[in-house]
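Here is a short briefing to read alongside the model. Have the viewer open and follow the residue numbers as you go.

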Amino acid sequence: MRVLVADDDLGSRLVAQAAVEQSGHECIAAADGAAAWDMYQRHRPQAVVSDLEMPGMDGLALCRAIREADTDSYTYLVLVTSHGSKEAVVAGMNAGADDYMTKPLDPFTLHTRLLVAERVTSLHADLARYRAALAEQARTDPLTKLRNRLTLAEDLEQLRKTAEHAGEQFSVVLCDVDYFKRYNDLYGHQAGDAALRAVADTLAKQVRQSDGVYRFGGEEFLIVLPRQSPSGARAFMGRAFEAVRELEIAHSGNPPGILTLSGGIAACTDTHRVSVDTLLNEADLALYSAKAAGRNRVMVSRPTAESLALHGGN
C-alpha cells in the first residue's frame, strides 16, 4: 500500500515515515499541505497520514480536497493532532478523515491504523470492480455479448449531437433474421440462440472499429455507421448480409433454405436532421418494406431516399 505522510515538523515526519515503512508499506512524504496535495494527485496513495496544523493548506483543507477529488478509488485519511481535543476530532471527521491520532505519534498505533486502512481500501476496490462489472453487464446483451438498447440510446444520441455539430452524416441499419419464429419452431430455442450468436459475431466482424452493432431485441440487430452515407450503408450491408448467408445455417422454413437477414436503412444527413426516435422509426419502416418485398434484402427509408434523389445522390 502506498502511504502519503504530510507533516511540517521534520522529526514527526521521519517517525511516521519509519513506522510506515516498518509496517511494510511504501511511503512518500511532504513537508506541508500544498506539497502533499500535489503528491496526492501525482501518486494516488491508498492512505494519507496528515498533521492537522500545517502552514498554508492545513490538514482539514487537505482532507476536503482529497474527498472532493474525482477518483475511482478510496483514500483512507488519518488526521494527526497535537492536542486531541473533541472539537479538533469532530472537525477532522467532518472534513472527511476516517480516523485520528495524537502526537507524539506512536508507531504501534499507526501500524494498527494502517491495517484498518488496507482492509478498508481493499473493500472499496472490490466494490468498485463489482460496480464496474454490473455497469458493463447492464449495457451488454447476455446472449450475443453485443451492446444492448441501453447503450444504444446513449451512443446514438451522442452521435446525433456530434454529427449535427460537425455537419456530418451517419446511417443506422435495423435488421432481423428472416422467419426466425419458424426457425425456433423447426430447430428449437437452443439452436435459435446459437444462430443469433453466429449472426451477431458475423456482423461484429464486418463493421469498422468506429461502427457499432447492438442487440435491438429478439432477433433484431441495429448497426450504427458514423460518417456513412445511405448508399455506402447499403453497399456495406450487402457485404454483411452475404457474410451471414455464407454461414450456410440451414433453415428449411426460409425459401432460400438457409438463414438470411432483412434490413432497413435510415440516415441523418445535412438535409435530413431528425431525432433518434424518428430515425429508428424510419429504419423500422424500411425494414418492413424489405420484408414486404420478399425478405433477404435491405431497403433505404423513403425520407432518406427522397432526399438523396432531390439532391442528386445515388
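The notes below go from the whole chain to single helices and loops.

This is a predicted model, and the protein in it has 11 helices and 10 strands. Its radius of gyration is 30 Å, whereas a compact globule of 314 residues would come out near 20 Å.

**Overall dimensions and surface**

- Taken along the principal axes, the C-alpha atoms fill a box of roughly 85 × 45 × 30 Å.
- Of the 314 residues, 44% are buried.
- Among contacts with a separation of 6 or more, 64% come from residues 24 or more positions apart.
- The exposed area is about 15800 Å², and carbon and sulfur atoms supply 51% of that area.
- On the charge side, there are 33 positive and 42 negative side chains. The centres of these two sets lie 7 Å apart.

**Helix H4 and its two sides**

- Which residues of H4 are buried? In this helix, which spans residues 86-95, they are Ala88, Val89, Gly92 and Ala95.
- These four cover an arc of only 130° around the axis, so they sit on the same side of H4.
- Lys86, Glu87 and Asn94 are exposed, and they are found on the other side of H4.
- What covers the buried residues of H4? The cover includes helix H3 (59-68), along with strand S4 (76-81) and strand S5 (99-102).
- Glycine 96 follows H4, and its phi is positive, near 120°.

**Backbone details in the loops**

- Lysine 103 and proline 104 are joined by a cis peptide bond, with omega at about 0°. If you set up a simulation from this model, that is the peptide bond to look up by number.
- Proline 104 belongs to the loop between S5 and helix H5, the latter covering residues 107-138.
- Lysine 145 has a positive phi, near 65°, although the residue is not glycine.
- You will find lysine 145 in the loop that runs between H5 and helix H6 (149-166).
- Is lysine 145 buried or exposed? Its relative accessible area is 61%, so lysine 145 counts as exposed.
- Arginine 227 is another residue other than glycine with a positive phi, in this case near 55°.
- The loop that holds arginine 227 lies between strand S8 (220-226) and helix H9 (230-245).

**Two exposed acidic residues in helices**

- Aspartate 185 is part of helix H7, which spans residues 180-187.
- With a relative accessibility of 57%, aspartate 185 is classed as exposed because the cut-off for that label is over 50%.
- How far apart are the C-alpha atoms of aspartate 185 and glycine 253? They are separated by 9.3 Å, while the two residues are 68 residues apart along the chain.
- Glutamate 68 lies in helix H3, the helix that also helps to cover the buried residues of H4.
- Glutamate 68 is exposed as well, since its relative accessible area is 67%.
- Between the C-alpha atoms of glutamate 68 and alanine 47 the separation is 15 Å, and these residues are 21 residues apart along the chain.

Methods
Residues numbered from 1 in each chain as written. Predicted model: local features only at pLDDT ≥ 70, side-chain atom pairs only at ≥ 80, totals over all residues. Heavy atoms only, no water. Rg over C-alpha atoms; globule rule 2.2 N^0.38 Å. Buried < 20%, exposed > 50% of the residue type's maximum accessible area, 1.4 Å probe, protein only. Contact = heavy atoms within 4.5 Å. Areas by Shrake-Rupley, 256 points an atom, 1.4 Å probe, with all protein chains shown as cover. Lys, Arg positive; Asp, Glu negative; His and termini not counted. Charge placed at Lys NZ, Arg CZ, Asp CG, Glu CD. Arc of directions from axis to C-beta.
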